[in-house]
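Trainee: I am new to this one. Can we go through the terms and test each against the model?
Mentor: Yes. Ask what each word rests on.

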Amino acid sequence: MYRSWLFVPGNQEKNLNKVKDLQADVIIYDLEDAVPVNEKVIARQKVKEAICKISQQVNFVRVNDLTTPYFIEDLDGIIAENLSGIVLPKVNNQHDIIIAAYLLGQMEEKYGLEEGSLAIVPLIETASGIQNVQEIVCASNRILCLCFGAEDFMLDLHIDAGEMGENLMYARTQLVIASKAAGKEPPVDSVFVDFKDEEGLEKETERAKCAGFQGKLLIHPKQIAPVHHAFSPTREQVKEAEKIIALYGESLKNGKGALEIDGKMIDAPVVERARKVLSHADM
């Protein structure tokens, strides 16, 4: 489970030098929105240098989207042994994935990387992307998981999030359902743009967790710890999970199945959720 996906602007050497000390689960070197047009070339060089130096972290690059003149040059300029894959913005249909997957295959061959080693994380941020999300997530074995880009999605639809994010719930739910149906990892939720509002971040992260997301896109290192805390089980949850698994195991040994614990019915699905809690407790 990747809880924190931190964007690092590809043109800011000061931030790139700090990457090795960051505790984010995934680093996303950004060549898209964070980088002005006149700095795209130098940003690619800086990002590749950073990736080559750092092997202990999961390294993704958000490239420019397929419709721009920068996409091919982005791919050719960032391929390195320590690169995990790309975050592909503004994915609208399966053809975007098919094209990107083919070109990644060409790059793997060109640079001597193992076939299929580079993953794709589609960023769903338009009405078309939500409408076609099922075909998108099934378009390639390279897809690791989906990401939701709420800011561009709201811009595309001319809406706001609503007081409790209710206007985005349909889109978020579509990503979760499509991911599960395709056998992919749970999706990653959108950025929370006010990095000084820790309380707001905690509330939104909790909603994302309850909705079925595995983590969140971040724009500042200050957001890492609150997101990790929100997506990690509490001590009480761990103790309860251990109790459920132990008592259910005893019940099975005695030739029984479901049982009651503290007024709650415990059966196989509940036990499986308890196992997932424990699997996330050691992160």
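Mentor: Start with a rule: two strands pair if DSSP finds at least two bridges between them. Keep in mind that this is a predicted model.

Trainee: What makes S4 and S5 a pair?
Mentor: Four bridges join strand S4 (residues 83–88) to S5. The rule asks for at least two, so the two strands pair. They run parallel. For one position, look at Leu 88, which stands opposite Pro 122 in S5.

Trainee: How do you know that S5 and S6 pair?
Mentor: Strand S6 covers residues 147–148, and two bridges link S5 with S6. At least two are needed, so this counts as a pair. The sense is parallel. Here Ile 124 stands opposite Phe 148 in S6.

Trainee: What kind of unit do S4, H4 and S5 make?
Mentor: A β-α-β unit, and a right-handed one.

Trainee: Why is strand S5 called largely enclosed?
Mentor: Strand S5 spans residues 119–124, and six of its six residues are buried, so the rest of the structure largely encloses it. Buried means under 20% relative accessible area. Look at both sides of S5. Ala 119, Val 121 and Leu 123 point one way, Ile 120, Pro 122 and Ile 124 the other way, and all are buried.

Trainee: What makes S1 largely enclosed?
Mentor: Six of the six residues of strand S1 (residues 4–9) are buried, so the surrounding structure largely encloses the strand. Both faces of S1 are covered. Ser 4, Leu 6 and Val 8 are buried on one side, and Trp 5, Phe 7 and Pro 9 on the other.

Trainee: Which strands pair with S1?
Mentor: One is S8 (residues 215–218), with three bridges in the parallel sense. Ser 4 stands opposite Lys 216 there. Another is S2 (residues 26–30), joined to S1 by five bridges and also running parallel. In S2, Tyr 29 is the bridge partner of Val 8. The chain gets from S1 to S2 through helix H1 (residues 13–18), in a right-handed β-α-β crossover.

Trainee: Why is Phe 71 called buried?
Mentor: Its relative accessible area is 2%. The cut-off is under 20%, so Phe 71 is buried. Phe 71 is found in helix H3.

Trainee: What does Phe 71 touch, leaving aside its neighbours within four places in sequence?
Mentor: Val 63, Asn 64, Asp 65, Leu 66, Leu 88, Ala 100 and Leu 103. Leu 88 came up before, opposite Pro 122 in S5.

Trainee: How do H3 and H4 meet?
Mentor: Helix H3 is residues 71–78 and helix H4 is residues 94–111. Their axes come within 10 Å and cross at roughly 35 degrees. The crossing is right-handed. From H3, Phe 71, Ile 72, Leu 75 and Asp 76 take part. From H4 come Ala 100, Leu 103, Leu 104, Met 107, Lys 110 and Tyr 111.

Trainee: How many residues of each class are in that contact of H3 with H4?
Mentor: Eight are nonpolar, none polar and two charged.

Trainee: How does H2 pack on H3?
Mentor: Helix H2 (residues 40–53) and H3 pack at an angle of about 30 degrees, with axes 9 Å apart. The crossing of H2 and H3 is right-handed. Arg 44, Val 47, Lys 48 and Ile 51 of H2 meet Glu 73, Asp 74, Gly 77 and Ile 78 of H3. By class, that is three nonpolar, one polar and four charged residues.

Trainee: Where is Ile 79, and why is it called buried?
Mentor: Ile 79 lies in the loop between H3 and S4. Its relative accessible area is 3%. That value meets the cut-off of under 20%, so Ile 79 is buried.

Trainee: Which residues does Ile 79 contact, leaving aside its neighbours within four places in sequence?
Mentor: Lys 48, Met 107, Tyr 111, Leu 113 and Leu 118. Lys 48 belongs to H2, and Met 107 and Tyr 111 belong to H4. The C-alpha atoms of Ile 79 and Val 47 are separated by 9.8 Å, though the two are 32 residues apart along the chain.

Terms used:
Residues numbered from 1 in each chain as written. Predicted model: local features only at pLDDT ≥ 70, side-chain atom pairs only at ≥ 80, totals over all residues. Heavy atoms only, no water. Axes fitted to C-alpha atoms, helices over the stretch in contact; angles between N-to-C directions. Left-handed = near helix turned anticlockwise from the far one by under 90°. Contact = heavy atoms within 4.5 Å. Nonpolar A, V, L, I, M, F, W, Y, C, P; charged D, E, K, R; others polar. Buried < 20%, exposed > 50% of the residue type's maximum accessible area, 1.4 Å probe, protein only. Right-handed = clockwise from strand over helix to strand, strands pointing away.
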